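Biologist: Hey, got a few minutes to walk me through this model? I'd like to get the overall layout and then poke at some residues.

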Amino acid sequence: MRLSRISALFLALLLCACTGSTDEVLPISRAIVGASRVTGIDMVVQRSAKASVAASDERAARSGEAGHAGAPLRTMLPNMIMTATQRLGLTSGREIELLLEIDELKTASASGAMFGKEDRLAGTVFIRDAASNEPLGQLYVDVNARSSGLIGLATRGGVRERIAEAFATRVARALSGR
């Protein structure tokens, strides 16, 4: 009986995992990989994502929840990236700034998720020197989360935060070389 519960939990976690890719559009300067710290993050929402980001931010504000769950994406995502980079040890070295250009945020409705629709957060990350504004690299980060069926419906809460956290982790790993 206990083994079947553990198996069911493992299966639920597996089905709700975030997948995606992090592609170096312009190679990251090897001088900063693992030897830099993020001192600033700006975010621009592209026209293709403005409506979905606005709707997502409105739902978050209406939720009345504290922390990331109630914060707009423009606040939540940079905070998550700062935390993720610090967690991976990027706390000293060359000061860099990031510019995020978000071109897609898609969160499926409960019924859409039930039938396998994906949640997605994607965008370009421009990396530049904080002092000189010199370009140091460019990433394209694409995070997808699919949680279909009854298990996916049961674990649906916090999907925006999960895909934002996965996005932040991908950026931090690219900068840290991990």
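Modeller: Sure, we can take the overall layout, then a pair of helices, then some single residues.

Biologist: Before that, what kind of model is it?

Modeller: It's a predicted model.

Biologist: Good to know. How many helices and strands does the chain have?

Modeller: The secondary structure comes to six helices and five strands. Going along the sequence, they follow the pattern α-β-β-α-α-β-α-β-β-α-α.

Biologist: And how much of the chain is buried?

Modeller: Buried residues make up 40% of the 178 residues.

Biologist: What share of the contacts comes from residues far apart in sequence, say 24 or more positions?

Modeller: Counting contacts with a separation of 6 or more, 76% are between residues 24 or more positions apart.

Biologist: OK, helices next. How do α3 and α6 sit against each other?

Modeller: Helix α3 covers residues 73–87 and helix α6 covers residues 159–176; their axes come within 8 Å and cross at roughly 40 degrees.

Biologist: Why give both an angle and a distance?

Modeller: Because that's how two packed helices are described: by the angle between their axes and the distance between those axes.

Biologist: So what do you call that arrangement of α3 and α6?

Modeller: Oblique. Angles under 35 degrees would count as roughly parallel and 65 to 115 as roughly perpendicular, so at roughly 40 degrees the α3 and α6 pair falls in the oblique class.

Biologist: Is the crossing left-handed or right-handed?

Modeller: Right-handed, as α3 passes α6.

Biologist: Which residues meet there?

Modeller: From α3 you have Leu73, Met76, Leu77, Met80, Ile81, Ala84, Thr85 and Arg87. The α6 side brings Arg160, Glu161, Ala164, Glu165, Phe167, Ala168, Thr169, Val171, Ala172 and Leu175. By type, the residues of this contact split into twelve nonpolar, two polar and four charged.

Biologist: Let me pick on one of the charged ones. Is glutamate 161 buried or exposed?

Modeller: Glutamate 161, which lies in helix α6, counts as buried because its relative accessibility is 17%, and the cut-off for buried is under 20%.

Biologist: What does glutamate 161 touch?

Modeller: Setting aside neighbours within four places in sequence, glutamate 161 is in contact with His68, Ala69, Met76 and Met80. Histidine 68 is 93 residues away in sequence, yet the C-alpha atoms of the two are 6.9 Å apart.

Biologist: And alanine 172, further along α6?

Modeller: Alanine 172 is buried too, at 0% relative accessibility. Beyond residues up to four places away in sequence, alanine 172 touches Ala84, Thr85, Leu88 and Leu90. Its C-alpha is 9.7 Å from that of valine 38, with their positions 134 residues apart in sequence.

Biologist: What about serine 176? Which helix is it in?

Modeller: Serine 176 is in α6 as well, and at 13% relative accessibility serine 176 counts as buried. A polar atom of its side chain lies 3.2 Å from the backbone oxygen of arginine 173. Outside the four places either way in sequence, serine 176 is in contact with Val33, Gly34, Leu88 and Leu90.

Biologist: Switching topic: where is arginine 128?

Modeller: Arginine 128 is in strand β4, residues 118–129. With 18% relative accessibility, arginine 128 counts as buried.

Biologist: What is its side chain joined to by a polar contact?

Modeller: To the side chain of asparagine 133, at 3.1 Å. Apart from neighbours within four places in sequence, the contacts of arginine 128 are Asp42, Ile96, Glu97, Leu99, Asn133, Glu134, Pro135 and Leu136.

Biologist: And where does asparagine 133 sit?

Modeller: In the loop between β4 and β5, where β5 is 135–146. Asparagine 133 has a positive phi of about 70 degrees although it is not a glycine. Its relative accessible area is 49%, so asparagine 133 is partly exposed.

Biologist: Last one: glutamate 24. Which strand is it in?

Modeller: Strand β1, residues 18–26. Glutamate 24 is partly exposed, with a relative accessible area of 39%. Not counting residues up to four places away in sequence, glutamate 24 touches Arg30, Gln138 and Leu139. The C-alpha atoms of glutamate 24 and valine 125 are 9.5 Å apart, though the two are 101 residues apart along the chain.

Conventions. Residues numbered from 1 in each chain as written. Predicted model: local features only at pLDDT ≥ 70, side-chain atom pairs only at ≥ 80, totals over all residues. Heavy atoms only, no water. Helix = DSSP H or I, 4+ residues; strand = E, 2+ residues; numbered from the N terminus. Buried < 20%, exposed > 50% of the residue type's maximum accessible area, 1.4 Å probe, protein only. Polar contact = N/O pair within 3.5 Å; in protein donor to acceptor, adjacent residues only side chain to side chain. Contact = heavy atoms within 4.5 Å. Axes fitted to C-alpha atoms, helices over the stretch in contact; angles between N-to-C directions. Parallel < 35°, antiparallel > 145°, perpendicular 65-115°, else oblique. Left-handed = near helix turned anticlockwise from the far one by under 90°. Nonpolar A, V, L, I, M, F, W, Y, C, P; charged D, E, K, R; others polar.
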